[in-house]
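Here is a short tour of one protein model for a first-year student. Keep the sequence and the 3D view open as you read.

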Amino acid sequence: MELAAVYHKADKSCCYALEKNRFLFRIRVKKGDMASVVLHSQDKYLPLSWQDTRQQTVMERVCSDEYSDYYETELHFQVVCLRYFFELTDQNGERVFYSNYKFSKEIVTDTDQMFDCPQNLREEERFLLPEWAKNRVVYQIFPSRFASSRKVADELWYKAPIGHFDNLQGDLRGVIEHLDHLEELGVEVLYMTPIFRANTSHKYDTVDYYQIDPSFGTKEDLKELVAKAHARGMRVLLDGVFNHTSPDFFAFADVMKYQEKSGYLDWYYIEGFPLIRERGKKPNFKCFSYYGGMPKLNLSNPKVQDYCIGVARYWIRECGIDGWRLDVGDEISHVFWKRFRREVKEEKPEALIIGEVWHYAPDFLEGDEWDSVMNYPFKDAVKELLAERSITVSQFASRLGFIRGNVHTDVYPVLLNLIDSHDCPRFLHECGGDVSRLKMAAALQLLSPGMPMIYYGDEYAMEGGKDPDCRRGMVWEESRQNAGAYDWYRRLIRVRKEHPALTAGQLVSLQTEDEKGLLRIVKWDGNEELAVIYNCGTEAAILPEYAGLMELLLEKKFEGRLDAMEAAVLVKRDRKAH
């Protein structure tokens, strides 16, 4: 038994309340090491002579990554404080007890030597997430390039490659005019990159947070967009760029004008004067990625905090938006985000807060800062599996297992699962134009738990290289669209919505065959048992054991053959049919 691999902390990562009187316990062990894991628990204060409160609960292995197995169980109880420990039995029959960060060969009887779970404390620290967001389909729009209410010449709109300074005149009214497309596709959440006044096409250099960029429209246009989206059952998220501003933002403009005498020096991180903003030289003030056109705000300053949180509350209150995606969120302090969450949730308890971070970031997901993150580890795993072909399906499953085993179970359904975005090459470009691999990536994305985020145009197999070429004009002209890709996206979303076992069901089994590139996942939700099979290999797979089952994506009986880069959703068991 590998004791060094055993990991459990009696904190919000491994022991937390799911609701009143219902708790989740989690422990991590070496992969393949354990034959069984049992959770022992009892009341801390109630003497056994009064009532024997001791319980033993067999824990289930819920997922695995490359090196670890993750075991979980839920307990229902109502006590002042629960004490608990783990009984670990390995494949050779060796048994140890893990309690209060110590190992023992003997069962633990002294409650002072057990892990501690005060019920009220844990329940008051519950991670409360918007229920509406779980497993919803998200669509990302880059407003200046998605749709224009004005006539734009095709030579400009479909320019490729495209540059930062090409003005395609996209606007909010153009988005409003294409809500039918989003509804038909099956979109449930609309996320737009920044729409406030700025000097660039991307708008990540904000000049005025309280004004819609005039090229996009007006506050009334945003109100109309939100109202019409809500009428269709869609939510709307905006991009909050609070890490940095434009040099033309009033505070930095004051610093540039008055230098050392400016009343806004402590709004930024100024290291000296005169300010160095020349291209090719490192600025002498903190900024995003050493780019002097995006000076970094000092969010440890209470006045800057007041301003940014005021902005966040204003647009929720004035236009009814449903939440924020937070740009460069991991470069801003936890102190600010804790306050941000409190005040945004005060304005709208059901608002969704999503942080931009490109790596695993558990410290932001403890229930007192963000609700979710952009799940770039998911994107990276899909890219390595399908575009680069640098990992096997078992390694891919391990990558997803790490995410599942380490995030809060209620966060998992709201992780923003993407395969591309405005910041990276389109997935089709990464695949060398192979639409079959894009379609497989879409299947992995849309048939999994979480909030799959479709980058505008992927449903039509849009091309585009690295930023800014990934931000081309949306392909509205039918002759430029890939109808097969669009039909595939619609089928995936329809099956996802009609069969909740895919996203909310219990994992029954997960099998991989690296030589064939096969990944098989079986889910059960009490009504249906579904087998989802992905053939990520280069040759057809013969699967006679599934022949005759209903295949939901194609709406016909499965013939037992799955071609390369194809996916199938098969109904193995249907309680409703019996």
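## Aromatic pairs

The structure holds 40 aromatic pairs. Rings of Phe, Tyr and Trp (for Trp, its six-membered ring) pair if their centres lie within 6.5 Å; planes under 30 degrees apart count as stacked, over 60 as edge-to-face and the rest as tilted. A pair of aromatic rings is described by the distance of the centres and the angle of the planes.

This is a predicted model, in which local features need pLDDT of at least 70, side-chain atom pairs count only at pLDDT 80 or more, and totals for chains, interfaces and linings use all residues. Residues are numbered from 1 along each chain as its sequence is written, and side-chain values use heavy atoms, with hydrogens and water left out.

Take F242 and F340. They form a tilted pair, 6.0 Å centre to centre with 55 degrees between the planes. F242 lies in the loop between strand 15 (235–240) and helix 7 (250–258), while F340 is in helix 9 (residues 334–347), so the pair ties together parts that are 98 residues apart in sequence. Helices (H or I, at least four residues) and strands (E, at least two) are DSSP runs, numbered from the N terminus. Both F242 and F340 are buried. Buried means under 20% relative accessible area, exposed over 50%, and partly exposed in between (1.4 Å probe, protein chains only).

Now look at W358 and Y376. Their ring centres are 3.9 Å apart and their planes at 10 degrees, so this pair is stacked. W358 sits in the loop between strand 17 (352–355) and strand 18 (372–375), and Y376 in helix 10 (residues 376–387), so the pair ties together parts that are 18 residues apart in sequence. W358 has 40% relative accessibility and counts as partly exposed. Y376 is buried, with a relative accessible area of 1%.

Rings also meet charges here. A charge sits over a ring if NZ of Lys or CZ of Arg is within 6 Å of the ring centre and within 35 degrees of the ring normal. R28 places its charged end over the ring of Y7, 4.5 Å from the centre. R404 does so over the ring of Y412, 5.9 Å from the centre.

## Helix 6

Helix 6 (residues 219–231) has 13 residues. The expected span of a helix is 1.5 Å times one less than its number of residues. For helix 6 that gives 18 Å, and its end C-alpha atoms are 18 Å apart, which agrees.

Which residues of helix 6 are buried? They are D221, L222, L225, V226 and A229. Seen down the axis of helix 6, they fall within an arc of 135 degrees, so they line one face of the helix. The arc is that of the directions from the helix axis to the C-beta atoms. Their cover includes helix 4 (172–177), helix 5 (179–185) and strand 12 (189–192).

At the start of helix 6, a side-chain oxygen of T218 reaches to within 3.3 Å of the backbone nitrogen of E220. G233 follows helix 6, and its phi is positive, near 80 degrees.

## Backbone exceptions

Most residues other than glycine have a negative phi, and most peptide bonds are trans. The table lists exceptions.

| Site | Backbone feature | Place |
|---|---|---|
| A160 to P161 | cis, omega near -5 degrees | P161: loop between helix 3 (154–157) and helix 4 |
| F273 to P274 | cis, omega near -5 degrees | P274: loop between helix 7 and helix 8 |
| S289 | positive phi of about 55 degrees | loop between helix 7 and helix 8 |
| M565 | positive phi of about 60 degrees | loop between strand 27 (561–562) and strand 28 (566–574) |

Is S289 buried or exposed? At 54% relative accessibility, S289 counts as exposed. M565, at 10%, counts as buried.

## Two loop residues

T111 lies in the loop between strand 9 (102–104) and strand 10 (115–118). At 17% relative accessibility, T111 counts as buried. Not counting residues up to four places away in sequence, T111 touches Q42, K44 and R83. Contact means heavy atoms within 4.5 Å.

S215 is in the loop between strand 14 and helix 6. S215 is partly exposed, at 30% relative accessible area. With the same exclusion of residues up to four places away in sequence, S215 touches R150, G170, D171 and K203.

Terms used
A polar contact is a pair of N or O atoms within 3.5 Å; within protein, one must be able to donate a hydrogen and the other to accept it, and residues adjacent in sequence count only if both atoms are side-chain atoms.
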